[in-house]
Amino acid sequence: MRNHSAVSEFVLLGLSDDLFIEALLFVLFLAIYLLTMLGNLMMLLVVRTDSHLCTPMYFFLGQLSFLDLCHSSVTVPKLLENLLSEKKTISVGGCLAQVFFVFATGGTESCLLAVMAYDRYIAISSPLLYGQVMNRKLCIGLVWGSWGLAFLDALINILVAFNLDFCEDQNIHHFICELPSLYPLSCSDVSASFTTLLCSSLLHFIGNFLLIVFSYIRILLTILGIRSTSGRSKAFSTCSSHLTAVSFFYGSGLLRYLMPNSGSTQELIFSLQYSVITPMLNPLIYSLKNKEVKAAMRRMLRKRLQSFR
């Protein structure tokens, strides 16, 4: 592993060079980050403290909230710092570290969404065996497996990326460090890193997406076999939140890593969607669409209010 880069830092050009717009964006993204922290911490607290939410589904939901806290914290603090800074620089090592953690947390979320789809399939197709199949040991193993696979994937990509040399151009037309944004700055051959990224994206992200699609095909076939309308409606409702979260994540993250790098506004929007907006929306999606979560939040708020009296 080597790196003979002539530059020691990059310049993140960000979203705008207008000071007034940057001030507005700082307020906007600070509010989004605070809402992300508040929403996901509240979801974690509800899942961990409410005895009614002790099923595997809510265990995975708590893990998703923790993951969204991590994913958002990898990108947003540096974005906020650069919106207030004149230099907007990041060291080469810091940039590669951000690439690693963006890839690792994003990859873990991809795995976790596939695990949650499998959980929904077992719950709907084998409700009487659900507790036996999705036991605590299996659930913990699936979560650790998700983190392990994603970190291994990120490690492989970052080790190959360490061989890239950066000689003159320091400007990254982005607000965070992502591998596709670094390729135009490299004065060495990027084919090995690009091939590694493409293969890992196809195997990891698209592989997980196909697992989700397969799970939902089986879920759909099971639901179509349910005779009662109320039973079908209840089965569909348990999947709607997860399907919405999958749509937000894959609708932006996968497209960002598979589309050609051009520094376009569309790329920035896709990156903002999966790294900033989606972590804020996930707790809203699961709380607004889930009656049990809403009831648990009301119980928790009542307890907190009563404790202040």
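Helices here are DSSP runs of at least four residues and strands are runs of at least two, both numbered from the N terminus. Keep in mind that the model is predicted.

**Exercise 1. Work out the order of helices and strands along the protein chain.**

Start with the tally: the protein chain has 10 helices and three strands. Now walk along the sequence, and the pattern reads β-α-α-β-α-α-α-β-α-α-α-α-α.

**Exercise 2. Decide how compact the protein chain is for its length.**

First, take the radius of gyration, which is 21 Å. Next, get the yardstick: for 309 residues the globule rule gives 19 Å. The two values are close, so the chain is as compact as a globular protein of that length. To round off the picture, the C-alpha atoms fill a box of roughly 65 × 50 × 30 Å along the principal axes, and 49% of the 309 residues count as buried.

**Exercise 3. Find the helix that gives the largest share of the nonpolar patch, and classify L210.**

List the members: F209, L210, V213, I217, L220, L221, L224 and F236 make a nonpolar surface patch of about 730 Å². Helix α7 (residues 191-224) supplies the largest share, seven residues. L210 sits in helix α7 too. Its relative accessibility is 52%, and the cut-off for exposed is over 50%, so L210 counts as exposed.

**Exercise 4. Place R302 on the surface and classify it.**

R302 belongs to helix α10 (residues 291-308). On the surface, R302 joins K291, K294 and R298 in a patch of positive charge. With 45% relative accessibility, R302 falls between the 20% and 50% cut-offs, so R302 is partly exposed.

Conventions
Residues are numbered from 1 along each chain as its sequence is written. This is a predicted model: local features need pLDDT of at least 70, side-chain atom pairs count only at pLDDT 80 or more; totals for chains, interfaces and linings use all residues. Side-chain values use heavy atoms; hydrogens and water are left out. Patches are made of residues with over 30% relative accessible area and no salt bridge: like charges are joined within 9 Å, nonpolar side chains (Val, Leu, Ile, Met, Phe, Trp, Tyr) within 5 Å. Accessible areas come from the Shrake-Rupley method with a 1.4 Å probe; for residues, only the protein chains shown count as cover. A salt bridge is a side-chain nitrogen of Lys or Arg within 4 Å of a carboxyl oxygen of Asp or Glu. Lys and Arg count as positive and Asp and Glu as negative; His and the chain ends are not counted. The place of a charge is taken as NZ of Lys, CZ of Arg, CG of Asp or CD of Glu. Buried means under 20% relative accessible area, exposed over 50%, partly exposed in between (1.4 Å probe, protein chains only). The radius of gyration is taken over C-alpha atoms; the globule rule is 2.2 Å times the number of residues to the power 0.38.
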